[in-house]
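Reader: Hi, I have a structure to go through today. Can you walk me through it?

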2 protein chains.
Amino acid sequence: MDVSVKGEYALRAVFELSRQGRPEPVKIAKIAERQKIPQKFLEMILAQLKQGGYLGSRRGVDGGYFLARPADQITVGDILRQIDGPFQPAKRPFADEPMDSPFPEMWDRVERALSCVIDRTTFADLVERWRQRRVKGVPNWQI
Amino acid sequence: MDVSVKGEYALRAVFELSRQGRPEPVKIAKIAERQKIPQKFLEMILAQLKQGGYLGSRRGVDGGYFLARPADQITVGDILRQIDGPFQPAKRPFADEPMDSPFPEMWDRVERALSCVIDRTTFADLVERWRQRRVKGVPNWQI
DNA sequence: CGAATCCCTAGTAAAATAGTAGGGATTCGC
DNA sequence: GCGAATCCCTACTATTTTACTAGGGATTCG
């Protein structure tokens, strides 16, 4: 019941892109450095997020990655599902197995509970909360 | 974000023990057969649940496993944590990394949401729901 | 005793995870 | 058009985890 490192990296990367509202592309190298992610690994992750339609990119000298849509229209659930696959807590009823069991219903509850958090938390939310804490919290600069 | 097969087996085994309220031990072989679990694998799982204090056992001719306490005092969360380990959705803040991030707070929300289901669902609940559905013949009315 | 059962230690094939390596394709300023 | 900067693509790999299997040892009880 945990998120892969790859999934975490993906979230951090999208957060990094959301943080700077500007539409200019951000280079892989920059994201990797700021979020402490191995660059080559990050390349694969970003490619996957692009093909999911969450990011866009531009090559060349002023190239980089950028959000394909506003941060308030991308949720944590979107990204996690794109990277780690759909998380059904347990395999759905075995095809051959008629064993009626009380678990599928419970897994549904789990899935709904989870969804209430991850599918309702957008990156705009994350940035906002982070800014809030920034202001009245540790005066630890950065950007 | 999924439960291991081992975890599922553990849940099914404890459910099987909860189902027959009787205090007589149930043999591994019986549980394995009724829940379609590889017997030798199940042995390891049950041993783990016993050492967690959830089950008791008796050897010999009328031996078997039994719940170490009433089914309404064992939750799904208990069993999953014992088998799959504590599920923190993502690693807690990296010790060396001061990078203040908006994610720990979100992971807390996830954990709480999850807990609301799995730590409040006892095996007594599961058995009861399962009996209910049994009675009225799976009318399958969903949402 | 001896049959039935749980108990314990090891081993292992396959898959998933977390990367690395090396170069190819675009873009853009000049 | 050249070349530097950047993204893009395919393949490889070491490590860990998963889902078991094997083989016997220790208890219990009639």
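Author: We can take the two chains, then the DNA, then some helix details. Keep in mind that this is a predicted model.

Reader: Okay, chains. What turn lays chain B on chain A?

Author: A turn of 180°, with a shift of 0.0 Å along the axis. The RMSD is 0.0 Å. The two copies are thus related as by a two-fold rotation axis.

Reader: And through which surface do the copies meet?

Author: The same surface, because 98% of the interface residues of chain B are also interface residues in chain A.

Reader: Now the DNA. Which residues come nearest to DNA strand C?

Author: There are 27 residues around DNA strand C. Lys40(A), Lys27(B), Lys50(B), Ser57(B) and Tyr65(B) come nearest.

Reader: What do the lysines of chain B reach there? I mean Lys27(B) and Lys50(B).

Author: Phosphate oxygens of DNA strand C. A polar side-chain atom of Lys27(B) sits 3.1 Å from one. For Lys50(B), a side-chain N or O atom is 2.7 Å from a phosphate oxygen.

Reader: Which part of the strand does Arg59(A) approach, base or phosphate?

Author: A base. One of the polar side-chain atoms of Arg59(A) is 3.0 Å from a base nitrogen of DNA strand C.

Reader: How many of the strand's atoms within 4 Å of the protein belong to sugar or phosphate?

Author: 62% of them. The rest belong to bases.

Reader: Which element gives the most to that surface?

Author: H3(B), with four residues. Other elements that supply at least two residues each include helix H1 (5–19) of chain A and strand E1 (55–58) of chain B.

Reader: What's the mix by class?

Author: The surface near DNA strand C has 11 nonpolar, six polar and 10 charged residues.

Reader: Switching topic. Which residues are buried in helix H4 of chain B?

Author: Val76(B), Gly77(B), Asp78(B), Ile79(B), Leu80(B) and Ile83(B).

Reader: What do they pack against?

Author: In chain B, helices H1, H3, H5 and H6. Helix H5 (103–118) of chain A is also a partner.

Reader: What follows H4(B)?

Author: Gly85(B), and its phi is positive, near 85°.

Reader: Last one. What does the side chain of Asp78(A) reach?

Author: The backbone nitrogen of Thr75(A), at 2.9 Å. Asp78(A) itself lies in helix H4 of chain A. Leaving aside neighbours within four places in sequence, Asp78(A) is in contact with Tyr54(A), Arg69(A), Gln73(A) and Asp119(A).

Key: Residues are numbered from 1 along each chain as its sequence is written. Chains are lettered from A and ligands numbered from 1 in the order in which they are written. This is a predicted model: local features need pLDDT of at least 70, side-chain atom pairs count only at pLDDT 80 or more; totals for chains, interfaces and linings use all residues. Side-chain values use heavy atoms; hydrogens and water are left out. Buried means under 20% relative accessible area, exposed over 50%, partly exposed in between (1.4 Å probe, protein chains only). Contact means heavy atoms within 4.5 Å. A polar contact is a pair of N or O atoms within 3.5 Å; within protein, one must be able to donate a hydrogen and the other to accept it, and residues adjacent in sequence count only if both atoms are side-chain atoms. Copies are superposed by least squares on the C-alpha atoms of residues with pLDDT of at least 70 in both. A residue is near a molecule or strand if one of its heavy atoms lies within 4 Å of it. Ala, Val, Leu, Ile, Met, Phe, Trp, Tyr, Cys and Pro count as nonpolar, Asp, Glu, Lys and Arg as charged, and the others, Gly among them, as polar.
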